[in-house]
Amino acid sequence: MKVTRLAIPDVVLIEPKVFGDARGFFYESFNAEAFRAATGIDLEFVQDNHSRSTKGVLRGLHYQLPPHAQGKLVRVVRGAVFDVAVDIRASSPSFGKWVGAELTEENRHQLWVPPGFAHGFLVLSDTADFLYKTTEYYAATHERCIAWNDPTLAVHWPQSDGTPQLSGKDQQGLPFVRAEVFS
């Protein structure tokens with residue numbers, strides 16, 4: 001596996017080693033020992049999630065507050081998304097900054113989004129199946145959402161033809177300046 005630390009070094013892009021031939025391909029989508037050796041991060045995942053969305057759907061920017069803060073290891077198994085992580089750790093030098101990466105079924109890249117980050121993605125393909133492992137269980141009372149189009153964050157979402165399709169919850173996302181953040 002190849003590991004690249006992005007402009008915010010705590011967010012890690014992972015490129016698994018893929019073995020392919022005329023029959024198809026094989027790769028380990030997760031191996032705890034290899035993940036720990038490549039990233040230096042030792043953790044336990046407790047929940048796997050799978051979402052399917054259509055083109056133009058934007059999910060996020062979501063996060064959970066302590067004591068239920070989630071780290072996420074995300075990937076796409078069908079389609080393509082633009083995936084974003086926003087640093088919401090007030091004590092971090094990259095507080096309020098974001099990084100993004102295109103995750104597709106072809107590139108098989110994964111993104112490690114640690115606790116203390118808001119996360120979201122925009123579907124670029126006709127449909128996308130998005131899988132992610134979390135380090136904490138879902139806790140609705142600790143879930144928060146920052147507005148996808150917050151002017152302070154100024155996330156550059158690609159290929160957006162106007163307003164993306166949002167859930168009711170995501171339409172109510174707070175401005176970054178009013179969001180509860182990590183200390």
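A charge sits over a ring if NZ of Lys or CZ of Arg is within 6 Å of the ring centre and within 35 degrees of the ring normal. Arg-108 meets this rule: its charged end sits over the ring of Phe-25, 3.8 Å from the ring centre.

## Basis of the model

This is a predicted model, in which local features need pLDDT of at least 70, side-chain atom pairs count only at pLDDT 80 or more, and totals for chains, interfaces and linings use all residues. Residues are numbered from 1 along each chain as its sequence is written, and side-chain values use heavy atoms, with hydrogens and water left out.

## Aromatic pairs

Rings of Phe, Tyr and Trp (for Trp, the six-membered ring) pair if their centres lie within 6.5 Å; planes under 30 degrees apart count as stacked, over 60 as edge-to-face and the rest as tilted. The whole structure holds eleven aromatic pairs. One of them joins Phe-30 and Phe-35, with 5.7 Å centre to centre and 50° between the planes, a tilted pair. Phe-35 also pairs with Trp-112: the centres are 6.0 Å apart and the planes stand at 80°, so this pair is edge-to-face. Phe-35 lies in helix H1 (residues 32-39) and Trp-112 in strand S10 (residues 110-113), so the pair ties together parts 77 residues apart in sequence. Helices (H or I, at least four residues) and strands (E, at least two) are DSSP runs, numbered from the N terminus.

Phe-30, Phe-35, Phe-45 and Trp-112 form one aromatic cluster. Which of its members are buried or exposed? Buried means under 20% relative accessible area, exposed over 50%, and partly exposed in between (1.4 Å probe, protein chains only). Phe-35 is buried at 2%. Trp-112 is buried at 4%. Phe-30 is partly exposed at 28%.

## The ends of H1

Asn-31 caps the N-terminal end of H1. A side-chain oxygen of Asn-31 lies 3.0 Å from the backbone nitrogen of Glu-33. Just after H1, Gly-40 takes a positive phi of about 80°.

Val-46 follows in the loop between H1 and strand S5 (47-54). Val-46 is partly exposed, with a relative accessible area of 26%. Contact means heavy atoms within 4.5 Å. Not counting residues up to four places away in sequence, Val-46 touches Thr-134, Thr-135, Glu-136 and Tyr-137. Val-46 and Tyr-138 are 92 residues apart along the chain, and their C-alpha atoms are separated by 9.8 Å.

## Annotated positions

The UniProt annotation "active site", from an unreviewed entry, covers His-62 and Tyr-132. UniProt positions are given in the numbering used here, feature names are shortened, and annotations may be inferred rather than shown by experiment. The two positions spread over 71 residues of sequence but cluster in space, with a largest C-alpha distance of 13.3 Å. His-62 from this set is in the lining of the largest cavity. On a 1 Å grid over the protein atoms alone, a cavity is a set of points where a 1.4 Å probe fits but cannot get out; lining residues have an atom within 4 Å of a point.

His-62 lies in strand S6 (residues 58-64). His-62 counts as buried at 16% relative accessibility. Leaving aside neighbours within four places in sequence, its contacts include Lys-72, Phe-117, His-119, Glu-143, Cys-145 and Asp-170. Tyr-132 is in strand S12 (residues 127-134). Tyr-132 counts as partly exposed at 21%. With the same kind of neighbours left aside, Tyr-132 is in contact with Gln-47, Asp-48, Asn-49, Lys-72, Leu-73 and Val-74. Lys-72 thus appears in both contact lists.

## Leu-61, beside His-62

Leu-61 also lies in strand S6. Leu-61 is buried, with a relative accessible area of 0%. Beyond four places in sequence, the residues it touches include Val-84, Val-86, Ile-146, Trp-148, Leu-153 and Trp-157. Leu-61 and Leu-124 are 63 residues apart in sequence and 17 Å apart in space, C-alpha to C-alpha.

## A buried serine in a loop

Where is Ser-94? Ser-94 is in the loop between strand S8 (80-87) and strand S9 (98-104). At 14% relative accessibility, Ser-94 counts as buried. Its side chain joins that of Asp-87 through a polar contact of 2.5 Å. A polar contact is a pair of N or O atoms within 3.5 Å; within protein, one must be able to donate a hydrogen and the other to accept it, and residues adjacent in sequence count only if both atoms are side-chain atoms. Not counting residues up to four places away in sequence, Ser-94 touches Ile-8, Asp-87 and Arg-89.

Key. On a 1 Å grid over the protein atoms alone, a cavity is a set of points where a 1.4 Å probe fits but cannot get out, and a pocket is an open set with protein on both sides within 12 Å along at least five of seven lines; lining residues have an atom within 4 Å of a point.
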